[in-house]
Amino acid sequence: MSFAPSPFTPMGSRNIQEQRDRWERKRSRTARELVHSEQRYCEQLDLVVTYFVEILKAKGTLRQDIRESIFSSIKSIHLINQTLLAHLELARFGIGFEEFCTHLQLYNTYVDNIQTAKKVLIVQVKKSKAFRRFKKLQESRPEFNQQKLEDLLLLPLQRIQQYKHFLRDLTENTGPDNPEFQQLSKAVKVVSEVAQRIQDNARSHENHLQLRRVQKQLKGRKTRILTPGRWYIREGWLKTVPTKGTEAKPKMFYLFSDILLQAKPCSPIHPTHGDKFVCQQVYPLKECTVDKVFGHTKSQGGLISLTFARAKLLLMSDDQGDINDWYRSLCMAIGQLKSKNTVVHKRDELCRKPIRSKPDCQNTPELQTRGIKRIMMLDEEVRGHSEGHSSIPPTGESGHSATKRLKPNEAPAEKPQESSGSSCVIL
């Protein structure tokens with residue numbers, strides 16, 4: 001049996017047709033998976049709306065505002081997904097997702113409310129005995145397949161992530177000459193934005209939990225960790241090497257996006273704070289430089305040097321990998337902080353428009369003198385305005401006035417840092 005190509009069919013045309021056939025098979029397989037998963041998704045949404053939203057509304061077990069806090073826009077999401085399913089079952093993927101994307105604001109609302117929904121649900125389960133019994137009864141129905149309400153509320157978020165992958169596969173296996181190609185390409189972009197929003201919200205919530213955990217570990221309320229715009233990076237034990245020949249002491253360090261916090265453990269016999277830490281110093285990363293110090297540990301651990309405006313730290317660890325991770329984390333945090341500040345720096349002198357006489361005016365010595373005096377007066381006003389702002393006390397460890405302006409949304413982060421830096425003393 002010969003596998004030689006037919007003399008009547010060019011090799012190039014055969015290869016192109018085979019590639020198109022592979023694309024079509026992949027597209028058909030993705031389309032089937034999308035339709036089947038959408039059917040299951042709509043069934044689950046219908047169960048939540050029927051057995052929770054509608055029955056709770058009829059029974060009046062929870063107030064309307066509490067129901068809206070828990071279920072948000074899930075009823076409206078169910079309606080638009082039923083319409084999408086009708087289009088998908090008819091293989092109208094482009095039209096279906098084009099119409100679906102016009103209602104994605106409902107998903108955005110749901111995404112932004114999901115953390116509130118979780119908190120309110122936990123409170124109501126503990127507070128309301130009637131709701132607790134109702135929830136347990138509904139979850140025991142065979143239709144839910146032993147799924148809890150907490151898991152069912154996450155379905156829209158999970159579905160958006162699935163849409164992103166389905167749409168990418170459909171677009172990649174759809175020819176550019178297909179009428180649905182442009183519709184699917186736009187849908188990929190819009191759905192990906194919502195998926196990114198879900199990831200950002202989840203990351204922000206996780207960061208908030210980390211900040212709260214660290215705040216609870218510190219004794220007292222003077223050092224404020226929960227600050228807008230601050231991100232938790234890492235924590236761990238490091239030895240501080242003193243400038244004089246004394247023994248290196250282990251300290252707990254917390255690294256955030258804008259500060260490095262040094263703390264020591266409380267006395268273990270303390271009746272209430274035995275498991276907490278006392279803040280000793282807060283080092284701002286704004287003007288920090290970090291360097292590796294070699295030749296002291298003989299490859300057993302490592303040493304890094306941190307230089308601040310008015311302080312210097314030598315940190316040591318017996319674990320080579322740990323000190324390298326600290327070095328990378330510090331370099332990354334400092335680099336991101338400096339690049340963020342550099343972007344917003346502007347000079348007022350460059351923003352002012354130059355004062356020029358009109359072309360048709362006669363350039364007499366008297367006019368030149370007036371122009372020079374006017375420029376000098378404006379310079380004095382600008383200089384006086386800038387000096388008035390420079391009287392603001394510095395933040396963190398630095399005793400120099402700030403020469404760079406920050407973004408407005410970064411301003412709240414400066415005040416807590418100022419209070420935390422002044423309240424902690426190196427012991």
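This is a dialogue between a colleague and a modeller about reading features in a predicted model.

Colleague: I should like to begin with the salt bridges, so how many does a search of the whole structure find?

Modeller: The general idea is that side chains of opposite charge can pair when their charged atoms come close. In this predicted model, a search of the whole structure finds 14 salt bridges. One of them is formed by R27 and E180, whose closest N and O atoms are 2.6 Å apart. This pair links distant parts of the chain, since R27 belongs to helix α1 and E180 to helix α9 (residues 180-217), with their positions 153 residues apart in the numbering.

Colleague: Are R27 and E180 buried or exposed?

Modeller: Buried means under 20% relative accessible area. R27 has 12% relative accessibility and therefore counts as buried, and E180, at 14%, counts as buried too.

Colleague: Which residue forms a salt bridge with R197?

Modeller: The partner of R197 is D112, and the closest N and O atoms of this pair are 2.6 Å apart. Here again distant parts of the chain are linked, with R197 in helix α9 and D112 in helix α5 (residues 105-127), 85 residues apart. R197 counts as partly exposed because its relative accessibility is 32%, and D112 is also partly exposed, with a relative accessible area of 40%.

Colleague: What can be said about the salt bridge of R234?

Modeller: R234 forms a salt bridge with D322, and the closest N and O atoms are 3.1 Å apart. The pair links R234 in strand β1 (residues 232-240) with D322 in helix α10 (residues 320-343), which are distant parts of the chain, 88 residues apart. R234 is buried, with a relative accessible area of 16%. There is also a network, in which K135, E139, K148 and E150 are joined by salt bridges that share partners.

Colleague: Which residues form a positive surface patch?

Modeller: The positive surface patch is formed by R22, R25, K26, R29 and R32. If we take R29 as an example, this residue is found in helix α1 (residues 11-59), and it counts as partly exposed because its relative accessibility is 41%.

Colleague: Turning to the strands, how should I read strand β6, and why is it described as largely enclosed?

Modeller: Strand β6 (residues 302-307) has 5 of its 6 residues buried, so it is largely enclosed by the rest of the structure. When reading a strand, it also helps to ask what pairs with it. Strand β5 (residues 289-293) pairs with β6 in the antiparallel sense over 5 bridges, and in β6 the residue S305 stands opposite D291. Strand β7 (residues 312-317) likewise pairs with β6 in the antiparallel sense, over 6 bridges, and there I304 stands opposite L315 of β7.

Colleague: How many residues lie between β6 and β7 in their hairpin?

Modeller: The hairpin formed by β6 and β7 has 4 residues between the two strands.

Colleague: Which residues make up the covered face of β7, and which the uncovered one?

Modeller: The covered face of β7 consists of L313, L315 and S317, whereas K312, L314 and M316 make up the uncovered face. Strand β7 is also joined to β1 by 2 bridges, and these two strands run antiparallel. In that pairing, K239 stands opposite M316 of β7.

Colleague: Lastly, I have read about the sign of phi; what is the phi of A91?

Modeller: The general idea is that most residues other than glycine have a negative phi. A91, which is not a glycine, has a positive phi near 65 degrees. This residue lies in the loop between α3 (74-89) and α4 (93-101), and it counts as partly exposed because its relative accessibility is 45%.

Colleague: Where is N145 found, and what is its phi?

Modeller: N145 is found in the loop between α6 (129-139) and α7 (149-152), and its phi is positive, at about 55 degrees, although N145 is not a glycine. With a relative accessible area of 57%, N145 is exposed.

Technical notes:
Residues numbered from 1 in each chain as written. Predicted model: local features only at pLDDT ≥ 70, side-chain atom pairs only at ≥ 80, totals over all residues. Heavy atoms only, no water. Patch = residues over 30% accessible without salt bridge, like charges linked within 9 Å, V, L, I, M, F, W, Y side chains within 5 Å. Areas by Shrake-Rupley, 256 points an atom, 1.4 Å probe, with all protein chains shown as cover. Salt bridge = Lys/Arg side-chain N within 4 Å of Asp/Glu carboxyl O. Lys, Arg positive; Asp, Glu negative; His and termini not counted. Charge placed at Lys NZ, Arg CZ, Asp CG, Glu CD. Buried < 20%, exposed > 50% of the residue type's maximum accessible area, 1.4 Å probe, protein only. Pairing = 2+ DSSP bridges.
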